[in-house]
Every structure is written in structure tokens, then in C-alpha cells.
Amino acid sequence: MTPRASTGTITAPPPPPAASEGVRPGIGPLSAELLIVCLDPEEATSTLGSFLKANQIVFDAANAGPDSIIGRITTVMQPLSPQPLALPSELETCSTALCKELQNMHRLKLVLTLGISAHIAVLGACGIPLSRLDFRPGEITHLPDGLLLADGCHFPTKPFPSDMLAQRRSALTELSPKIRAALRPTT
């Protein structure tokens, strides 16, 4: 896998903030085979509890069993300015930071994006134009470098209609065996 940052239209992006120079915020090791990209890693672990348990996804190799999948959850964005909309230069910096994280995950096989923002960030980090791959909740797509991309819906923390939340959970439940089969194919 050789993801690269999108060059975009910015000729000289500003230097990345100090947070992107070290380890990006996230839960789980860089040696993981599954990366979940979302808006808030800590909130995602509680929201995705049943999904993680059903797929035997753990974030610590010491807790892994023979059928466990070692995972990592990371954020879409580095901390941005307090402006209502992110600046293009900030988005480019976030894409570069995610690209570096992907490049350091040598065992990575599949990225699960939770929401459109995560999908866009991963495409940017892999240098894939947005026009080449639509957001497809419930589907797994093979990227040109061999990495698998699974799209899921974001689970909001604010009040949300229960029927829509149930639909999103159902879609992730249906995606679950596809992810498991992609990471643990039966022979």
C-alpha cells in the first residue's frame, strides 16, 4: 500500500501543527489491520460497542485471541481553527497527517469510514480524486493500491431520530460480515 496525500490546489501548504508531527489522536496500535476513521475516536468506541464485539475487534494485541482483528480508531481531522468552516489549507494539512498515519500502518488491509467526512479524508490521503469514488454505505471497494475501503454511516452524539439511528445501525450490522470475510477469508 502506498497512499499519498492529494496535491490539491494549494502550492505551499502551511507547516502541519505539532499534533500531526507525532502520533495522531486515536485508539489502538499502528500495527492494526483495520483502521476506523471517524469524527471522534473516543465516542466511536462506545457507539460501536456491539459491532466491535461481534467482529472480535480489539485495540490491544495483548487482548487478542486467535480470531481477533487488531483495530485502530482515528479521527478525520486534526484540531482545526475555531472558524465555522475549515480552511482549504487546514483540510490539506489533515489529509497529509492521515496519509502519514496510513503509510505507517504496514499491516493495514481495510479502512472503515464512518460518514462522508471520513470517506473524503481517506480518499484525499490516498490521492484519489473525489469524483472517482462515491460514498457507498454498506459496501467495500478495492482501492487501486489494494487497500479495501468500507463505507459506514456516522453515528451522531446529538439528539437524532431513533428510526434513522436504527437504520444506520442496521446498515453497519449488514456490513459487518463483509468486513469479517475481507479480513478473515475462509479457504
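In this predicted model, strand 2 and strand 4 run parallel and are joined by 5 bridges. Strand 4 covers residues 69-75 and is mostly covered, with 7 of its 7 residues buried. The points below treat the pairing of strand 4, the two faces of that strand, the nonpolar cores and a nonpolar patch on the surface.

**Partners of strand 4**

- Within the parallel pairing of strand 2 with strand 4, Val37 stands opposite Thr74.
- Strand 3, made of residues 57-58, also pairs with strand 4 in the parallel sense, over 2 bridges.
- On the side of strand 3, Val58 stands opposite Ile70 of strand 4.
- Strand 1, made of residues 26-27, pairs with strand 4 in the antiparallel sense, again over 2 bridges.
- Gly26 has Thr74 as its bridge partner in strand 4.

**The two faces of strand 4**

- In a regular strand, side chains alternate between the two faces of the sheet.
- Ile69, Gly71, Ile73 and Thr75 point one way from strand 4.
- Ile70, Arg72 and Thr74 point the other way, and the residues of both sets are buried.

**The nonpolar cores**

- The largest nonpolar core has 23 residues, of which Leu102 and Val111 touch the most other members.
- Strand 2 (34-38), helix 4 (88-103) and helix 5 (116-125) are the elements that give two or more residues to this core.
- Helix 5 supplies the largest share of this core, namely 5 residues.
- A second, separate core contains 20 residues, including Leu52, Leu110, Ala150 and Ile179.
- When neighbours within four places in sequence are left aside, the contacts of Val111 are Leu35, Val37, Leu102, Val122, Leu147, Leu148, Leu149 and Ala150.
- Two residues in that list have been named above: Val37 stands opposite Thr74 in strand 4, and Ala150 belongs to the second core.

**A nonpolar patch on the surface**

- Ile116, Ile120 and Leu130 form a nonpolar patch on the surface, and their accessible area together is about 270 Å².
- Ile120 lies in helix 5, the helix that gives 5 residues to the largest core.
- Ile120 has a relative accessible area of 38%, and it therefore counts as partly exposed, since this value falls between the 20% limit for buried residues and the 50% limit for exposed ones.

Methods
Residues numbered from 1 in each chain as written. Predicted model: local features only at pLDDT ≥ 70, side-chain atom pairs only at ≥ 80, totals over all residues. Heavy atoms only, no water. Core = buried A, V, L, I, M, F, W, Y, C linked by side-chain atoms within 4.5 Å. Buried < 20%, exposed > 50% of the residue type's maximum accessible area, 1.4 Å probe, protein only. Helix = DSSP H or I, 4+ residues; strand = E, 2+ residues; numbered from the N terminus. Contact = heavy atoms within 4.5 Å. Patch = residues over 30% accessible without salt bridge, like charges linked within 9 Å, V, L, I, M, F, W, Y side chains within 5 Å. Areas by Shrake-Rupley, 256 points an atom, 1.4 Å probe, with all protein chains shown as cover. Salt bridge = Lys/Arg side-chain N within 4 Å of Asp/Glu carboxyl O. Pairing = 2+ DSSP bridges.
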